[in-house]
Amino acid sequence: MTAPNEFIEIEENLKEIQAKVSEAVRRYRPETAVEIMAVTKTVSPEKINFAVSKGLTLLGENRVQEFLSKKDSYDKSAQVHMIGHLQTNKVKYIINDVAMIQSVDSLKLAGEINKHAAKNNKVMDILLEVNIGDEASKSGVDKNSLFQLAEQIQPLENIRLRGLMAIPPIGADEKIFEQMNILYNELKDKKLGNSLIDTLSMGMSGDYELAIKHGSTLVRIGTKLFGARKYLEV
Ligand SMILES: *Cc1c(COP(=O)(O)O)cnc(C)c1O
């Protein structure tokens, strides 16, 4: 059972995040909308559903196994995006339960998503994940191969490219965020056939205001919303 004050904290955290997002949008980019995603790893469905009841409409999942064990308990009014590294052999388990896959970083994975989307008569929205900090420990396509990959996936008719996702290194210089925004605008300007570029997924608990300053349209918040991830609650 979750103590009542933990729910109060989530509600207060959400209000604070919403206020800060609105303020950053007003200050830097008054013409755009920024979506707030709740990142759910290690968080119980009870808390996730509470956040949804308070107005969140977007959930981010990292691990296929954990998602599968929790998804039936989720309030269905929120959309789910896969944001974690995805193995090709797991695509089939999530293809009908997510609205977007943000972590596509290879032609092989894109092909597998396309295949399973076709089998299920759907078009899956995807983002290409960019390893913007060139970190060996992180997944994501190298920025120098990004546009090549974006072009290679164009013939795949059951996926639709919606934009880019990045996890800048902790404490990253503002230049990294600027670079992502430049790549995003270049991708938009290419007007690739099978694409509708409207999403730059960038910004987490520690840097979402900076990310909004540099073009983010979707911030992914875990810790600031649900508290520190100390242990697996489920
Ligand atoms: C965990 C995670 C987040 C959220 O991180 P916080 O710092 O807890 O807000 C965002 N994006 C991805 C891909 C994550 O794995």
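This is a short tour of a predicted model, going from its cores to its helices, its ligand and a few loop residues.

**The cores**

Start in the middle of things. The largest nonpolar core has 68 residues. Ile101, Ile113, Ile126, Leu128 and Leu164 are the ones with the most contacts inside that core. Helix 1, covering residues 4-28, gives the most to this core, with 7 residues. There is also a second, separate core of 8 residues, and Val39, Leu58, Ile83 and Met100 are among its members.

Isoleucine 101 is a good place to zoom in. Leaving aside residues up to four places away in sequence, isoleucine 101 touches Met82, Leu86, Ile94, Ile113, Met124, Asp125, Ile126 and Leu127.

**Helices 1 and 2**

Which residues of helix 1 are buried? They are Phe7, Ile10, Leu14, Ile17, Val21, Ala24 and Val25. In an α-helix, residues three or four places apart point the same way, because there are 3.6 residues a turn. As for what covers the buried residues of helix 1, the list includes strand 1 (35-39), helix 2 (45-53), helix 8, strand 8 (218-221) and helix 9 (223-226). The length of helix 1 checks out too: at 1.5 Å a residue, its 25 residues should span 36 Å, and the end C-alpha atoms are 36 Å apart, which agrees.

Helix 2 has its own buried set: Pro45, Lys47, Ile48, Phe50, Ala51 and Val52. Those residues pack against helix 1, strand 2 (58-61), helix 3 (64-70) and helix 9.

After helix 2 comes glycine 55, with a positive phi near 115°. Glycine 55 sits in the loop between helix 2 and strand 2, and at a relative accessible area of 46% this glycine is partly exposed. Along the chain, glycine 55 and alanine 38 are 17 residues apart, and their C-alpha atoms are separated by 11 Å.

**Around the ligand**

Now for the ligand. The residues around it are Val39, Lys41, Asn62, Ile83, Ile167, Met204, Ser205, Arg220, Ile221, Gly222, Thr223 and Arg229. Val39 and Ile83 may ring a bell, since both were named in the second core. Three of the side chains put a polar atom by an oxygen atom of the ligand, as the table shows.

| Residue | Distance from its polar side-chain atom to a ligand oxygen |
|---|---|
| Lysine 41 | 2.7 Å |
| Asparagine 62 | 2.7 Å |
| Threonine 223 | 2.5 Å |

How much of the ligand does the protein bury? Taken alone, the ligand exposes 390 Å², and the protein buries 89% of that.

**Loop residues worth a look**

Most residues other than glycine have a negative phi. Asparagine 121 isn't a glycine, yet its phi is positive, at about 55°. You'll find asparagine 121 in the loop between helix 5 (107-119) and strand 5 (124-130). With 73% relative accessibility, asparagine 121 counts as exposed, because the cut-off for exposed is over 50%.

Aspartate 134 is another non-glycine with a positive phi, here about 50°. Its home is the loop between strand 5 and helix 6 (146-152), where aspartate 134 counts as partly exposed at 45% relative accessibility.

Asparagine 131 also lies in the loop between strand 5 and helix 6. Is asparagine 131 buried or exposed? At 10% relative accessibility, asparagine 131 counts as buried. Beyond residues up to four places away in sequence, asparagine 131 touches Lys138, Ser139, Gly140 and Val141.

Further along, aspartate 207 is in the loop between strand 7 (195-201) and helix 8 (208-213). Aspartate 207 is buried, with a relative accessible area of 16%. The side chain of aspartate 207 reaches the backbone nitrogen of methionine 204 at 2.6 Å, and Met204 is one of the residues around the ligand. Aspartate 207 and alanine 172 are 35 residues apart in sequence but 9.0 Å apart in space, C-alpha to C-alpha.

Last stop: serine 216, in the loop between helix 8 and strand 8. Serine 216 is buried, with a relative accessible area of 0%. A polar atom of the serine 216 side chain lies 2.7 Å from the backbone oxygen of methionine 202, and one lies 3.4 Å from the backbone oxygen of leucine 200. Not counting residues up to four places away in sequence, serine 216 touches Arg29, Val34, Leu200, Met202 and Ala211.

Definitions and conventions
Residues numbered from 1 in each chain as written. Predicted model: local features only at pLDDT ≥ 70, side-chain atom pairs only at ≥ 80, totals over all residues. Heavy atoms only, no water. Core = buried A, V, L, I, M, F, W, Y, C linked by side-chain atoms within 4.5 Å. Buried < 20%, exposed > 50% of the residue type's maximum accessible area, 1.4 Å probe, protein only. Helix = DSSP H or I, 4+ residues; strand = E, 2+ residues; numbered from the N terminus. Contact = heavy atoms within 4.5 Å. Near = heavy atom within 4 Å. Polar contact = N/O pair within 3.5 Å; in protein donor to acceptor, adjacent residues only side chain to side chain. Areas by Shrake-Rupley, 256 points an atom, 1.4 Å probe, with all protein chains shown as cover. Expected span 1.5 Å × (residues − 1).
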